[in-house]
Amino acid sequence: MAEMPSKSALHCLGALALELTADGPTGLTQLERGDADGLSEALGDDLRRLLPGVEMLDAGIACALFDPAELLRPGWPVHAALAELVTAAPGRGGGRMITLGADAQRMPVDALQPDPRLVGGSMRLLPLALVGDPERVQAIGQKMEASLMDTGMASAQLALDCQAAFGVQLEHARWMTLHDLCALTAMQYEHAGLAGAWRLIEAALLAPRSEEWLREDGEPLALYRRGVVRIAQHEVNAVDADPSQQRLDVMRVRQLQAVLAAHGIDSERVAVSAMQDAEAVLRPSMQ
């Protein structure tokens, strides 16, 4: 957990998660600046309700809907950009509610522009950054970690305001920390049969200098190390090859690469012959 953004440095980070109803309207992926400002009061009221003392900090929210994978990328680029903009905003710090919207359909910086390739998911997130005095940030961060998972349901008013602003229909709206989002994503990936992929992602997020193997039966052999996942691509013996198994193996490699790419993690396939030790092939060239 050492690589999670520090709660005691300058900011603590989270998100407002909107769970969209199935077959509901597509709606908007981001709000224009004026519409984002219109959400400011409801967002601030809800944060103060859930986190007494938060009014002593500056709160920044990007009024754009992100896929969870976009927030869970090495270096936390969405939140890093948000925190930087909040810190640099003009005016005296403390107690400001800063809602960032688009100007001519473009967010203030590229990092806050939702990825059009990841639209359509049932859960969308508005990133949150709280910035201010380190001691106050640490205290609020501790409250967030201790309580938001259990008590973070958004108010009915905020849910209705978000629903109207984005033109979507909501099942639920709730606040969560990045740790909460990691735990939720890990559970979802496990249910989808992607627990091994999540371990690689978790290493890239929380311990980027570590080494993590994927060695599960039915999954491609893979190694995360130094920011890259190397995936064994076994050469096929044309005489003994089972075409259906071969197609399945290729599909699994592609699925793993697609999941990693959504999380901003580079991957590469490494050819391995039947005479080679696959783990040895994956490791040496990265030393």
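Reader: Are Y189 and W198 buried or exposed in this structure?

Author: In this predicted model, Y189 and W198 are both buried.

Reader: How many aromatic pairs does a search of the whole structure find, and how is such a pair to be read?

Author: A pair of aromatic rings is described by two quantities, the distance of the centres and the angle of the planes. The search of the whole structure yields 1 aromatic pair. Its members are Y189 and W198, with ring centres 5.9 Å apart and planes at 90°, an edge-to-face arrangement.

Reader: How many salt bridges are found, and which residue forms one with D46?

Author: The whole structure contains 14 salt bridges. D46 is joined to R49, with 2.8 Å between the closest N and O atoms. Both residues belong to helix α2 (residues 40-50) and stand 3 residues apart, about one turn of the helix. D46 has a relative accessible area of 2% and therefore counts as buried, the cut-off being under 20%. R49, at 45%, is partly exposed.

Reader: Which salt bridge links distant parts of the chain?

Author: One such case is the salt bridge between R96 and D58, whose closest N and O atoms are 2.8 Å apart. R96 lies in the loop between α4 (77-88) and β3, whereas D58 lies in strand β2 (residues 58-62), and 38 residues separate the two. R96 is buried at 18% relative accessibility, and D58 is buried at 4%.

Reader: Where do R225 and E211 lie?

Author: The side chains of R225 and E211 form a salt bridge with an N to O distance of 3.4 Å. R225 is in strand β7 (residues 222-225) and E211 in strand β6 (residues 211-214), so the pair ties together parts 14 residues apart in sequence. R225 is buried, with 16% relative accessibility, while E211 is partly exposed at 33%.

Reader: Which residues are linked with D115 in a network of salt bridges?

Author: The network links D115 with R73 and R117. D115 is located in the loop between β3 (97-100) and β4 (123-131), and is buried at a relative accessible area of 11%. Neighbours within four places in sequence aside, D115 contacts E70 and R73.

Reader: How is empty space found, and which residues line the largest cavity?

Author: Rolling a probe the size of a water molecule over the atoms shows where empty space is left. The structure has 1 cavity of 30 Å³ or more, and the largest cavity holds about 30 Å³. Its lining consists of G193, L194, G196, A197, L214, E216 and E219. By class, these are 3 nonpolar, 2 polar and 2 charged residues.

Technical notes: Residues numbered from 1 in each chain as written. Predicted model: local features only at pLDDT ≥ 70, side-chain atom pairs only at ≥ 80, totals over all residues. Heavy atoms only, no water. Helix = DSSP H or I, 4+ residues; strand = E, 2+ residues; numbered from the N terminus. Buried < 20%, exposed > 50% of the residue type's maximum accessible area, 1.4 Å probe, protein only. Contact = heavy atoms within 4.5 Å. Phe/Tyr/Trp six-rings, centres within 6.5 Å; stacked < 30°, edge-to-face > 60°. 1 Å grid on protein atoms, 1.4 Å probe; cavity = no way out; pocket = protein on both sides within 12 Å on 5 of 7 lines; lining within 4 Å. Points joined across faces, edges and corners; volume = space filled by probe spheres on them. Nonpolar A, V, L, I, M, F, W, Y, C, P; charged D, E, K, R; others polar. Salt bridge = Lys/Arg side-chain N within 4 Å of Asp/Glu carboxyl O.
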